[in-house]
Amino acid sequence: MAEANLISIFSATLSKKRVAELIMQGGDQPLDIQELYKHCFHSDQTIAFRAAWVLETIALTAPERFVPVLDLFLADFPKQDNRSCQRHFTKILMCIQDKKAPQSFREALARSDREALITAVFEWLIDPETPVAVSANCMDILYDFGGEFDWIREELWHQLVILMDRGSPALNSRGKRVFKKLNRK
């Protein structure tokens, strides 16, 4: 699918049905995952958001189609500064970390710069401008990385105390759940 066509698609409002159609699109103009990924960093934040939404849906529902951009996604993750896209990017990273993730996801994560990922996730977590959904996803991502890096769990515990003191009910709910998991370890 040509870049101009993707811009046109992402310039219009998308529905869940249209996202599903895009993902299932084949034939003469299948959705090019490389082109789609590039649009997640588009200067128009709405286009980037819609591209990231489609990318997340592909990662969750058709992981084999996500594999061609997997290493690039992990390398570029810290560069995502669009708050709306960060929500989708954190959901994708959670999918990659999942114990039931495809082997290709686990292998890519193992060869990635996990310290750069962790740094970005902590920065997003502690930034007061970060949307609640992104912060909540960051908590889970960091908890999962805590299995590999011991220091993360202690630092996450301290950050949760601070966040929950000023947090929304949704953030506090997720924080309590992560606290429970931290206290079991």
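Let me start with the largest pocket, to whose lining α7, residues 83-97, and α10, residues 132-145, each supply at least two residues. I should say at once that this is a predicted model. The space in that largest pocket comes to about 220 Å³, and the residues that line the pocket are Met94, Cys95, Gln97, Asp98, Lys99, Lys100, Asp140, Tyr143 and Asp144. If we sort this lining by residue class, we find 5 charged residues, 3 nonpolar ones and 1 polar one.

Let me turn now to the second largest pocket, which holds about 160 Å³ of space. Its lining consists of Ile96, Gln97, Asp98, Arg106, Leu109, Ala110, Arg114, Asp144, Phe145 and Glu148, and the elements that give two or more residues to it are α7, α8, which spans 103-111, and α10. Of these, α8 gives the most, with 3 residues. By class, the lining of the second largest pocket divides into 5 charged, 4 nonpolar and 1 polar. You will find Gln97, Asp98 and Asp144 in the lining of the largest pocket, and Gln97, Asp98 and Asp144 are again among the residues that line the second largest pocket.

That brings me to the helix packing. Two packed helices are described by the angle between their axes and the distance between the axes. Helix α11, residues 150-166, packs against helix α12, residues 169-184, at an angle of about 150 degrees, and their axes lie 10 Å apart. Because angles over 145 degrees count as roughly antiparallel, α11 is therefore roughly antiparallel to α12. The crossing of these two helices, α11 and α12, is left-handed. On the α11 side, the contact is made by Arg153, Leu156, Trp157, Leu160, Val161, Leu163 and Met164, and on the α12 side by Leu171, Asn172, Gly175, Lys176, Val178, Phe179, Leu182 and Asn183. The residues of this contact divide into 10 nonpolar, 3 polar and 2 charged.

What, then, is the angle at which the axes of α9 and α11 cross? Helix α9, residues 114-126, and α11 cross at roughly 15 degrees, and their axes come within 10 Å, which means that α9 is roughly parallel to α11. The crossing of α9 and α11 is left-handed. Here Ile118, Phe122, Leu125 and Ile126 of α9 meet Trp151, Ile152, Glu155, Leu156, Gln159, Leu163 and Arg166 of α11, and the residues of the contact comprise 8 nonpolar, 1 polar and 2 charged. Leu156 and Leu163 of α11 take part in this contact with α9, and Leu156 and Leu163 also belong to the contact with α12.

How values were computed. Residues are numbered from 1 along each chain as its sequence is written. This is a predicted model: local features need pLDDT of at least 70, side-chain atom pairs count only at pLDDT 80 or more; totals for chains, interfaces and linings use all residues. Side-chain values use heavy atoms; hydrogens and water are left out. On a 1 Å grid over the protein atoms alone, a cavity is a set of points where a 1.4 Å probe fits but cannot get out, and a pocket is an open set with protein on both sides within 12 Å along at least five of seven lines; lining residues have an atom within 4 Å of a point. Grid points are joined across faces, edges and corners, and a volume is the space filled by probe spheres set on the points. Helices (H or I, at least four residues) and strands (E, at least two) are DSSP runs, numbered from the N terminus. Ala, Val, Leu, Ile, Met, Phe, Trp, Tyr, Cys and Pro count as nonpolar, Asp, Glu, Lys and Arg as charged, and the others, Gly among them, as polar. Axes are lines fitted to C-alpha atoms, for helices over the stretch in contact, and angles run from 0 to 180 degrees between N-to-C directions. Angles under 35 degrees count as roughly parallel, over 145 as roughly antiparallel, 65 to 115 as roughly perpendicular and the rest as oblique. A crossing is left-handed if the near helix is turned anticlockwise from the far one by less than a right angle, and right-handed if clockwise. Contact means heavy atoms within 4.5 Å.
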